[in-house]
Amino acid sequence: MSRAKYEPQPSLYDLTLAELEAWLAARGLPKYRARQIFGWAYGQLVAEYDAMTNLPATLRATLAAELPFAPYPAVREVAIAEPEGETIKTLFATPDERHVEAVLMFYPDRATACISCQVGCPIRCTFCATGLGGLERNLTTGEMVAQVVTLARRARTAGRALTNVVMMGMGEPLANYEPSLKMIGILNEPAGLGFGARRVTVSTAGIVPNIDRLTDEPVQVNLAVSLHAPTDELRSALVPLNRRWPVAELLAACRRYSERTHRRVTFEYILIKELNDAPELAAELVRRLAGTLCHVNLIPCNPTAAGPFQSPSGATIDRFAGILRIGGIATTVRWSRGVAIAAACGQLRAEHETQTGRPRLAGARTARRVPVVAPTPAVAAPVGA
Ligand code: SAH
């Protein structure tokens, strides 16, 4: 199959309830079938139309032909038991032979799906395995919804309900804005998964105009921002996007978000040994975040093939966290799940593609033809250009 010409076929998971009603109406079929289909697909989590026993066989056949279910199969699953609960990583293969990852994490009180929104990522953070090859393509709404449904089904098999979705897998959700927001709308649909938007977290490297857009959306989600450094010099070295939207602009957008929504912003701060873990940087972070309704999540860096980045010692992490807490910033340390199964940050894909012989940089060549940020009214030019 030609990779360049691939256009994903719409699947059931691409459609909102209203769109499915219109799809049915255009075929002279009753609208109420849409709710029945949503109930089966998202309530019962069935994986085929033939399981929808109250639909006429002819309708099931039409649906199967025109709106297939899964846009892609799960090709590999790895699981590891961790102290708080199991972590299950799933690798999906798209019809155009690309790979994306999603991770299901069980905690005593919740089950979280960490999903991908792009194949690869345009942001190219220096410490990140996904950023290495650049952006291959955006995922469609259906391809994102399919990850959630697959993990919800997997959770159900384990006797658990999926409670949270975090967009912290591969890709930058605010660079694939409309499909990501549409996915959130579909998860939100009461006739389907009924997933309160407050249980969905969008994590961004800091595309300021689209943070503002998100702030104005009627559907409210949790916002997480990958900060990683309090100064422009250091942040630009870690997150190239910072040259376009520096720390002060980013933090101003975060304040606009929390003032409008009255919600806390989560700042993710990867702690990298001898790079951004100094006490002075913690003190600077306190100064810059003062007065912002926020919470800081310190993430000890996972070593990747991306470079010589390592986690600081436990003592250094504690010292950094302590300075933030004394400074009045709510702080937690989040140890990445799934490190032992290469579940962190694009690592399973990298490992799988190395093992199956897929050239790692093939996508990077294609990537140059894809706009780094999908054109939106707010952001029309490539990031970091
Ligand atoms: N593009 C978005 C979401 C995907 S990355 C963003 O930047 O927020 C999700 C989180 O994983 C980010 O905070 C990212 O910085 C982090 N991450 C990437 N590489 C990592 C590594 N090697 N160790 C720990 N966290 C990493």
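## A look inside the predicted model

In the largest nonpolar core, which has 108 residues, Leu20 and Phe267 touch the most other members. Helix H4 (residues 141–157) gives this core its largest share, eight residues. Another core lies apart from it, with five residues, including Val103, Met105, Tyr107 and Cys114. Keep in mind that this is a predicted model.

Back to Phe267: leaving out residues up to four places away in sequence, Phe267 touches Leu251 and Cys254, among others, as well as Val225, Leu227 and Leu289. Leu251 and Cys254 also turn up among the buried residues of helix H8.

So what does H8 look like? Here are its features.

| Feature of H8 | Residues or values |
|---|---|
| Expected span, 15 residues (247–261) | 21 Å |
| Distance between end C-alpha atoms | 21 Å |
| Arc of the buried residues | 155° |
| Phi of His262, just after H8 | positive, near 60° |

The buried residues of H8 are Val247, Leu250, Leu251, Ala253, Cys254, Tyr257, Ser258 and Thr261. They sit on the same side of the helix because their arc around the axis is only 155°. On the face turned away from that side you'll find the exposed residues Glu259 and Arg260. The cover over the buried residues includes H6, strand S9 (222–226), helix H7 (232–238), strand S10 (265–271) and helix H9 (279–289).

Now for a loop. Ala205 sits between strand S8 (200–204) and helix H6 (208–216). Is Ala205 buried or exposed? Its relative accessibility is 7%, so Ala205 counts as buried. Beyond its neighbours within four places in sequence, Ala205 is in contact with Ile123, Glu172, Ser226, Arg235, Val239 and Leu241.

Note on methods:
Residues numbered from 1 in each chain as written. Predicted model: local features only at pLDDT ≥ 70, side-chain atom pairs only at ≥ 80, totals over all residues. Heavy atoms only, no water. Core = buried A, V, L, I, M, F, W, Y, C linked by side-chain atoms within 4.5 Å. Buried < 20%, exposed > 50% of the residue type's maximum accessible area, 1.4 Å probe, protein only. Helix = DSSP H or I, 4+ residues; strand = E, 2+ residues; numbered from the N terminus. Contact = heavy atoms within 4.5 Å. Expected span 1.5 Å × (residues − 1). Arc of directions from axis to C-beta.
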